[in-house]
Amino acid sequence: MRATDLSELAAFDAVARHRSFRKAAEERGVTASAISHAVSNLEERIGLRLLNRTTRSVSLTDAGTMLLAHLTPAFGEIGSALDALNRFRDTPFGKVRINVPNSIAPFILGRVMGPLIRDNPNLELEISATDRLVDIVEEGFDAGVRLGESLREGMVAVKVGPRLRFAVVGAPDYFRERDIPQTPHELKDHVCVQNMYPTGVRYPWEFERRGEAVAFHPSGPIALDDQELMVQAALSGVALAYVWENRAQREVLDGRLIRCLDEWCPPEDWFYLYYPSRRNISAGLRAVIEAMRV
């Protein structure tokens, strides 16, 4: 059905209910002549007269009576459907789909999922955790999480926490025959895991101290795109790993890993929850935004 067909049917419905072109025009927010034109177009298209018109009155033909009988419940269903949408606008309700990098998902979302669902029992949270670069609009997500430096232009962005740092870690067995590096430049003498994106592209270990920035490109025998495996590689004693400090925190605290170059690992840029528009967002997405915002 074309939009013009629905508009003409709505014009007829208003005239038939009010038995007046003027009152129908007031209800629809248009001129009486526009209503008359729409009804005439409808009658012309279906080849039937629906309304009998005089200068003083409007009445329905048999065809008009039959059409109105079918339109009344149909427009009632449409009105009910639109009213039902108020739940999405006024109360957190329904599904909210979020994309977040797998490597930081527990640290960004772990603290908010429980309270968010407890406070909003009608909310359904669907989280896709992947380090693959995702177009949230194309893939049907309501929002995504990224570092500020990689946000797409035109997105609305809300700062979320915590702010994370990287850490270089190795097992005590690894350091029994090697000195602990004091500067990133000394990493060239060590076996280091190569970090890579799911696409296979490698990215450097990045360091900074007192204005000096160093990007180190490992050339070790292991390349991984999963931080759990990076930690396991470090625990095995065969290589150093460069991971989020939260990912290796437990192992460092219990002595299974040794952290080095700590002073060369400042906090990274903030992460942001981003979404396409400020207008007409659902109450569910608003609840997620407020729960995650710093």
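Axes are lines fitted to C-alpha atoms, for helices over the stretch in contact, and angles run from 0 to 180 degrees between N-to-C directions. With that in hand, we can look at how helices pack here. The model is predicted.

**Two helix pairs**

Start with helix H9, residues 227–235, and helix H10, residues 245–253. Their axes lie 10 Å apart, and the packing angle is about 30 degrees. Angles under 35 degrees count as roughly parallel. H9 is therefore roughly parallel to H10. The crossing of these two helices is right-handed. On the H9 side, the contact uses Gln227, Glu228, Val231 and Leu235. On the H10 side, Arg247, Ala248 and Glu251 take part. By class, the contact of H9 with H10 holds 3 nonpolar, 1 polar and 3 charged residues.

Now take helix H2, residues 21–28, and helix H3, residues 32–46. Their axes come within 8 Å and cross at roughly 105 degrees. The range from 65 to 115 degrees counts as roughly perpendicular. H2 is therefore roughly perpendicular to H3. H2 brings Phe21, Ala24, Ala25 and Arg28 to the contact. H3 brings Ala32, Ile35, Ser36 and Val39. The residues of this contact of H2 with H3 divide into 6 nonpolar, 1 polar and 1 charged.

**An enclosed helix**

How many of the 10 residues of helix H11 are buried? The count is 7, so H11, residues 283–292, is largely enclosed by the rest of the structure. The buried residues in H11 are Ala283, Gly284, Leu285, Ala287, Val288, Ile289 and Met292.

**Neighbours in helix H1**

Helix H1 spans residues 3–18, and histidine 18 belongs to it. Arginine 17 is in H1 too. Histidine 18 has a relative accessibility of 31%, so it counts as partly exposed. Arginine 17 is also partly exposed, with a relative accessible area of 43%.

Which residues does histidine 18 touch, not counting residues up to four places away in sequence? They are Lys23, Ala24 and Glu27. The side chain of histidine 18 also makes a polar contact of 2.6 Å with the side chain of glutamate 27. Farther along the chain, valine 58 is 40 residues from histidine 18, and their C-alpha atoms are separated by 9.0 Å.

Arginine 17 has a side-chain partner in aspartate 13, and a polar contact of 2.9 Å joins the two. Arginine 49 is 32 residues from arginine 17 in sequence. Between their C-alpha atoms the distance is 16 Å.

**Two loop residues**

Serine 103 sits in the loop between strand E3 (94–100) and helix H6 (105–109). Is serine 103 buried or exposed? With 11% relative accessibility, serine 103 counts as buried. Neighbours within four places in sequence aside, serine 103 is in contact with Asp131, Gln227, Trp244 and Arg247. Two of these names have appeared before: Gln227 in H9 and Arg247 in H10 meet in the contact of those helices.

Threonine 130 lies in another loop, between strand E4 (123–129) and strand E5 (143–147). Leaving out residues up to four places away in sequence, threonine 130 touches Asn99, Val100, Pro101 and Asn102.

**Polar contacts side by side**

The table gathers the polar contacts of three residues.

| Side chain of | Partner | Distance |
|---|---|---|
| Histidine 18 | Side chain of glutamate 27 | 2.6 Å |
| Arginine 17 | Side chain of aspartate 13 | 2.9 Å |
| Threonine 130 | Backbone nitrogen of arginine 132 | 3.0 Å |

Notes:
Residues numbered from 1 in each chain as written. Predicted model: local features only at pLDDT ≥ 70, side-chain atom pairs only at ≥ 80, totals over all residues. Heavy atoms only, no water. Helix = DSSP H or I, 4+ residues; strand = E, 2+ residues; numbered from the N terminus. Parallel < 35°, antiparallel > 145°, perpendicular 65-115°, else oblique. Left-handed = near helix turned anticlockwise from the far one by under 90°. Contact = heavy atoms within 4.5 Å. Nonpolar A, V, L, I, M, F, W, Y, C, P; charged D, E, K, R; others polar. Buried < 20%, exposed > 50% of the residue type's maximum accessible area, 1.4 Å probe, protein only. Polar contact = N/O pair within 3.5 Å; in protein donor to acceptor, adjacent residues only side chain to side chain.
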